[in-house]
Amino acid sequence: MGVTVIMERPHMNIRETAKKEMVYHTNQLNVWYGEHHALKSINLSFYENEITAIIGPSGCGKSTYVKTLNRMIELSPNVRITGEISYRGRNIFDRSYHVEELRASVGMVFQKPNPFPKSIYDNVAYGPRIHGIRNKSVLDDIVEKSLRAAALWDEVKDRLHEHAHMLSGGQQQRLCIARCLAVEPDVILMDEPTSALDPVSTAKIEELMQQLKENYSIIIVTHNMQQAARISDKTAFFLNGEVIEFGDTHQLFSNPRDKRTEDYITGRFG
């Protein structure tokens, strides 16, 4: 049974991207897990204030790619990387570029909400405290600002010192987004952030992403093609560790250039 993808976003003018600054560029990126060649010669560029969706079947390299952008991939055993990733024009694999510096600019939200076993307040204040902020009034302002930006403040403002695990799944995910925003990143990576959520919570996260792209660049891995069509400006289709097609989301979904892309988005495989 085919999947009908309904486009709900206006076509993006190519000139709009031309005016924006490049945030990330990957050049001939290859990743191996032992003998398994997980990513094969990936060349992609991402621009500021855009949402880029990465789609493709399970095991195609989507999550591996996103984890490579902030060097979380290096936590995996037997991983080997060749090629280059530049963030704001700087090679992230340069020996002088400390991983902590990179991750301060590039936040990450995972598939399953993972709030720390602390209060709502302490979850959001955690990052600023790590960076040396101790003044309570400053922390109070950061917590409120971050929770507001994550569209969660009105729901939790009277229970900031309750345990974060008391929140619903959707609220926990927005808390994790607030925790990410508290350190004022430049880029937000999201690895299937709504796959464990109900439709109402998913809609809130999608609406939030549209608001956040005014100030951040967002790269999201998603299995949900209708979600990609709804929220993203650009889409990359991965298959077997390769980028099959990348471009304007409206173009990719309405008139794909590659038959493999068409077969995937119409539900013929995957």
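Let me begin with a definition: a salt bridge here is a side-chain nitrogen of Lys or Arg within 4 Å of a carboxyl oxygen of Asp or Glu. What we are looking at is a predicted model, in which local features need pLDDT of at least 70, side-chain atom pairs count only at pLDDT 80 or more, and totals for chains, interfaces and linings use all residues. Residues are numbered from 1 along each chain as its sequence is written, and side-chain values use heavy atoms, with hydrogens and water left out.

By that rule the model holds 18 salt bridges, and I would like to start with Glu50. How far apart are the closest N and O atoms of Glu50 and Lys20? They are 3.8 Å apart, and the two residues form a salt bridge. This pair links distant parts of the chain, since Glu50 sits in the loop between β2 (36-47) and β3 (51-55), while Lys20 sits in the loop between α1 (14-18) and β1 (22-33), 30 residues apart. When I speak of helices and strands, I mean DSSP runs numbered from the N terminus, with helices being H or I of at least four residues and strands being E of at least two.

Glu50 has another partner, Lys234, with the closest N and O atoms 3.5 Å apart. Here too distant parts of the chain are linked, because Lys234 belongs to strand β9 (residues 234-239) and lies 184 residues from Glu50. Glu50, at 1% relative accessibility, counts as buried, and so does Lys234, at 13%; buried means under 20% relative accessible area, exposed over 50%, and partly exposed in between, with a 1.4 Å probe and protein chains only.

A salt bridge within a helix joins Arg148 to Glu144, whose closest N and O atoms are 2.9 Å apart. The two are four residues apart in helix α5 (residues 136-149), which means they are separated by about one helical turn. Arg148 is partly exposed at 47% relative accessibility, and Glu144 is partly exposed at 28%. Elsewhere, salt bridges that share partners join Glu21, Glu48, Arg88 and Asp186 into one network.

Turning to the cysteines, if a disulfide is a pair of cysteine sulfur atoms within 2.5 Å, the count comes to zero. Why is Cys180 not bonded to Cys176? The sulfur of Cys180 is 9.5 Å from that of Cys176, its closest cysteine sulfur, and this is too far for a bond. Cys176 is buried at 3% relative accessibility, and Cys180 is buried at 8%.

Finally, there is one cavity of 30 Å³ or more, a cavity being a set of points, on a 1 Å grid over the protein atoms alone, where a 1.4 Å probe fits but cannot get out, with lining residues having an atom within 4 Å of a point. The largest cavity holds about 40 Å³ of space, where volume is the space filled by probe spheres set on the points, and grid points are joined across faces, edges and corners. Among the residues that line the largest cavity are Val23, Phe46, Ile218 and Glu50, the last of which we have already met as a partner of Lys20. The elements giving two or more residues to this lining are β1, β2 and β8 (217-221), and the largest share, three residues, comes from β8.

Technical notes: On a 1 Å grid over the protein atoms alone, a cavity is a set of points where a 1.4 Å probe fits but cannot get out, and a pocket is an open set with protein on both sides within 12 Å along at least five of seven lines; lining residues have an atom within 4 Å of a point.
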